[in-house]
Amino acid sequence: MGAGIAQVLADVGKYNVTLADVTDKALANGQGIIAKSLSRIAKKKMADKSPEEQEQFVKSVVDSIHVTTDAAKAVESTDLVIEAIIENMKIKKDFGLRLWRESDPYATRRRTVVLSLIHISEPTR
């Protein structure tokens with residue numbers, strides 16, 4: 001889900017986006033997901049363009065998304081943080097506490113389907 005959010009913000013919103021994850025492998029996987037999705041979009045929306053132009057579109061969006069495994073670097077000068085971690089309370093709490101320490105607390109927003117925001121924010125109290 002994080003890769004999809006990053007893609008839309010970078011492509012449609014033209015925002016400066018940093019995608020953070022715990023390993024370089026996970027980041028590469030996210031970039032691959034984004035590239036594959038953008039390729040499908042390019043084929044549909046840019047059908048009248050050459051394959052090279054479609055490829056350039058994909059590359060430009062993928063390259064515009066910064067990636068890092070350093071949580072502090074990811075949030076050092078951000079206005080909005082969107083968390084899309086797997087639905088695991090311990091991981092979310094650990095991340096929430098680290099994020100709270102590293103970023104502007106008013107920049108943090110959470111996308112959570114099942115878990116209670118009250119439980120997730122416990123470490124920040």
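Buried here means under 20% relative accessible area. Keep that cut-off at hand for the tour of this predicted model.

**Whole chain**

Start with everything shown. The chain has 6 helices and 4 strands. Followed along the sequence, they come in the order α-β-α-α-β-α-β-α-β-α. Of the 125 residues, 29% count as buried. The accessible surface is about 8,400 Å². Carbon and sulfur atoms hold 55% of that surface.

Now think about contacts between residues at least 6 apart in sequence. Of these, 66% join residues at least 24 apart.

**Colour by confidence**

The average pLDDT of the chain is 83. A score of at least 70 is reached by 81% of the residues. Next, select residues 110-115, where the pLDDT is below 50. This stretch still has 23 contacts in the model beyond near neighbours in sequence.

**Helix H3**

Select residues 51-64, which form helix H3. Put a distance between the C-alpha atoms at its two ends: they are 20 Å apart. That agrees with the span expected for 14 residues at 1.5 Å a residue, also 20 Å.

Show the side chains of Gln-54, Phe-57, Val-58, Val-61 and Val-62. These are the buried residues of H3. Turn the view to look down the axis of H3. The buried residues fall within an arc of 120°, so they line one face of the helix. The spacing fits a general rule. An α-helix has 3.6 residues a turn, so residues three or four places apart point the same way.

What do the buried residues of H3 pack against? Add helix H1 (2-11), helix H2 (24-45) and strand S2 (65-68) to the view; these are the partners. Then look at the face of H3 turned away from its buried side. The exposed residues Glu-52 and Glu-55 are there.

**Gln-54**

Zoom in on Gln-54, in helix H3. Is Gln-54 buried or exposed? Its relative accessibility is 14%, so Gln-54 counts as buried. Show what surrounds Gln-54. Leaving aside neighbours within four places in sequence, its contacts are Ala-42, Lys-43, Met-46, Ala-47 and Lys-49.

**Strands S1 and S2**

Move to strand S1, residues 17-20. In a regular strand the side chains alternate between the two faces of the sheet. In S1, Val-17 and Leu-19 are on the covered face. Thr-18 and Ala-20 are on the uncovered one.

Bring strand S2 back next to S1. The two run parallel, joined by 4 bridges. Pick Ala-20: its bridge partner in S2 is Thr-68.

**Thr-68**

Stay on Thr-68, in strand S2. At 9% relative accessibility, Thr-68 counts as buried. Which residues does Thr-68 touch, not counting those up to four places away in sequence? They are Thr-18, Leu-19, Ala-20, Asp-21, Leu-27, Lys-73 and Ala-74. Draw a line from the C-alpha of Thr-68 to that of Leu-19. The separation is 6.5 Å, for two residues 49 apart along the chain.

**Val-75**

Finish at helix H4, residues 71-75, and select Val-75. With a relative accessibility of 7%, Val-75 counts as buried. Draw one more line, from Val-75 to Thr-18 in strand S1. Their C-alpha atoms are 8.3 Å apart in space, while 57 residues separate the two in sequence.

Methods: Residues are numbered from 1 along each chain as its sequence is written. This is a predicted model: local features need pLDDT of at least 70, side-chain atom pairs count only at pLDDT 80 or more; totals for chains, interfaces and linings use all residues. Side-chain values use heavy atoms; hydrogens and water are left out. The expected span of a helix is 1.5 Å times one less than its number of residues. Buried means under 20% relative accessible area, exposed over 50%, partly exposed in between (1.4 Å probe, protein chains only). The arc is that of the directions from the helix axis to the C-beta atoms. Contact means heavy atoms within 4.5 Å. pLDDT is the predictor's confidence in each residue, from 0 to 100. Two strands pair if DSSP finds at least two bridges between them. Accessible areas come from the Shrake-Rupley method with a 1.4 Å probe; for residues, only the protein chains shown count as cover.
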